[in-house]
Amino acid sequence: MRGTQTINENNHLVIGGVDTTELAKKYGTPLYVYDVADIRKRSLAFKEAFRPYPVAFKVAYASKAFSSVAMVQLAEELGLALDVVSGGELYTALVAGYDPKNIHFHGNNKSEDELLLAIDKKIGAIIVDNFIELQMVKTLAEARNQTVCIMLRMTPGVEAHTHEYIMTGQEDSKFGFDLMNGEVKEAIKYALNAPSLKLTGVHSHIGSQIFEAEGFTHAVKRIVEHMAAWKDELGFEPEILNIGGGFGISYTKKDQPISISAFIGSIVETIMAECSANQLEVPEIWIEPGRSIVGEAGTTLYSVGTHKSIPNIRKYISVDGGMSDNLRPALYQAEYEALLANRASDASEEQVAIAGKCCESGDILIQDIALPTAQAGDILAVFCTGAYGYSMANNYNRLPRPAVVFVEEGQEQLVIKRETYEDLLQYDLAFQTTVK
Ligand SMILES: Cc1ncc(COP(=O)(O)O)c(C=O)c1O
C-alpha cells in the first residue's frame, strides 16, 4: 500500500480516507484519483532535505508531470515554484492564479507568442535553450523596454536513467547549449552583453526515473569546473544552479530509488565541496521534481469488462481505458502494479495481462500480473499513474478523457471533469462538398 492507502472492512481499497469503489460509482471509470496527503508529504520531503545545509534553495514542481488548475493551486499552497514547458501550461498556471514570479519556462522551441506571454506576465525566469531563442528573447525584451531574467539550459555531457548513467562527450540531445564544446560560454558572453537580459544562472536536467545520485554528482562536478572558468574568463558567477528533476519513484517492487534526502544530500554536499575547492560562492540550488511529487500519489480506477483466454498462452482481462489514459506502457514498456479495488485483499488466483480498449494490439497496460479471477464489473486500481498519465492522455479512438478526483482526509473533490462526446466534437466542422 502506498501513501494513505488502506483496505476497509468491506475489503475495498481506500485512498485518502475515501472508498475507491464509491468514487468509481459516483464519477465513473476510468478515473484518476490523487492522494493529496502523499503529494504534500513528498513536497515537504524535498524541502526538508535541504534544511540541514547552509544553502539557499528552491523546489519547483515540473507541471508537465500533471498540469491542471487545481494541481497548480496545490503546488502554490505547498510553497513550490512552478516549471512550465508550453504556452498551455503557462496559461493554466496564470488562470490558476499562480504568482508569475515563481514560474520558470522551459522548452526547446518556444514560439514568439509563448515568449511574449511569459515576458508580458513577467514570469520569474525563461530557461533559454538555444541561440535562436536567446536572440528572440533579447529582441522582444528590448522592444518592450523590459529586463528579462533568463537562465541557460545546458547539456553537461552526462545522461542518466534508472541506475545507469553515461558520460558523453558531445551529448546527443535536442535540448540546451553544449557545455563541453564551449557553446555555454558563448551564450553567457552574449547574454552578458545584452542589457535587456539578466542572466541569473544555469540549468541542466540529466534524465528521468533516476535511482542513484551519481549521475547528478558527476554533472555537478563538470558544471562547477566550468563555473570556475567562467568566473576567471568572463567575470560571471551564476547566482543559481538548477539541476533539474528526474528523481526516480517506485512503479513496481523492482524500482528501488534512493530516498529524497539521500538524493538532495549527495547533490548539495557535492556542490558545496566543489565550490569550496574552486573558491566559488555556493549558488542558490534549484531542483525541478515532477514524477517524484505526483507519480505515486495517482491511482487509476478502471472497470473490468471482457476477458479472453488463450489456452497455454495468456488470459487477457480488458478494462475501459488504456493507452488513451496511460500512454507509458505502449510508449516505453513502463510497468505497473494493480489490484481489484472491490476485493482488495483477496488472494491471487491467476496470471493475466491487462488489456486496454484501444484498437491497437500494443494497448496492454500490464503484461503479466497475478490477480484474483476478475469478473465484469470489478474495479481494477492501477497504482502510480499520477505522473505523465493525465498529461499524456489523448482521444485516440475518440475516447473521452477521464475525470480527475483529489482525495484527502475522507473528502473528495472533482478537479477535472470527464470529457463528453459533445466535448470531443466541439471543434469538428461539417464537410462542405465541392461536388455539384
Ligand atoms: C527540464 C526538466 N525539468 C524537470 C523535469 C521533470 O522530470 P521528472 O518528472 O522525471 O522529475 C523534466 C522532465 O523531463 C524536464 O525536462
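## Annotated residues, a small sheet and the largest pocket

K64 sits in the loop that runs between β5 (57-62) and α3 (69-77). The model is predicted. In the UniProt record, an unreviewed entry, K64 carries the annotation "modified residue: N6-(pyridoxal phosphate)lysine".

How accessible is K64? Its relative accessibility is 39%, so K64 counts as partly exposed; that class lies between the 20% and 50% limits. Leaving aside residues up to four places away in sequence, K64 touches V85, E89, Y388 and S391.

A second annotation in the unreviewed UniProt entry, "active site", covers C359. C359 also lies in a loop, here between β20 (350-355) and β21 (364-371). Is C359 buried or exposed? C359 counts as exposed because its relative accessibility is 65%, and the exposed class begins over 50%. With residues up to four places away in sequence not counted, the contacts of C359 are Y396 and N397.

The table sets out the two annotated residues.

| Residue | Loop between | Relative accessibility | Contacts |
|---|---|---|---|
| K64 | β5 (57-62) and α3 (69-77) | 39%, partly exposed | V85, E89, Y388, S391 |
| C359 | β20 (350-355) and β21 (364-371) | 65%, exposed | Y396, N397 |

**The sheet**

Strands of a sheet pair through backbone hydrogen bonds, in a parallel or an antiparallel sense. One open sheet here has 3 strands, in the order β1-β2-β3, and its pairing is antiparallel. β1 (6-7) and β3 (18-19) are the edge strands, each pairing on one side only. β2 (residues 13-15) pairs with β3 over 2 bridges, in the antiparallel sense. Which residue of β3 stands opposite V14? The residue is D19.

**The largest pocket**

The largest pocket holds about 1,100 Å³ of space. Its lining is made up of 50 residues, and the closest to the pocket centre are H161, H205, G207, S208 and R291. Several elements give two or more residues to this lining: β9 (148-155), β10 (158-162), β14 (207-210), α10 (291-294) and α11 (328-332). Which element gives the largest share of the lining? That element is β10, with 4 residues.

The chemistry of the lining is mixed by class. Polar residues number 20, while nonpolar and charged residues number 15 each.

Terms used
Residues numbered from 1 in each chain as written. Predicted model: local features only at pLDDT ≥ 70, side-chain atom pairs only at ≥ 80, totals over all residues. Heavy atoms only, no water. UniProt positions renumbered as here; feature names shortened; annotations may be inferred. Buried < 20%, exposed > 50% of the residue type's maximum accessible area, 1.4 Å probe, protein only. Contact = heavy atoms within 4.5 Å. Pairing = 2+ DSSP bridges. 1 Å grid on protein atoms, 1.4 Å probe; cavity = no way out; pocket = protein on both sides within 12 Å on 5 of 7 lines; lining within 4 Å. Points joined across faces, edges and corners; volume = space filled by probe spheres on them. Nonpolar A, V, L, I, M, F, W, Y, C, P; charged D, E, K, R; others polar.
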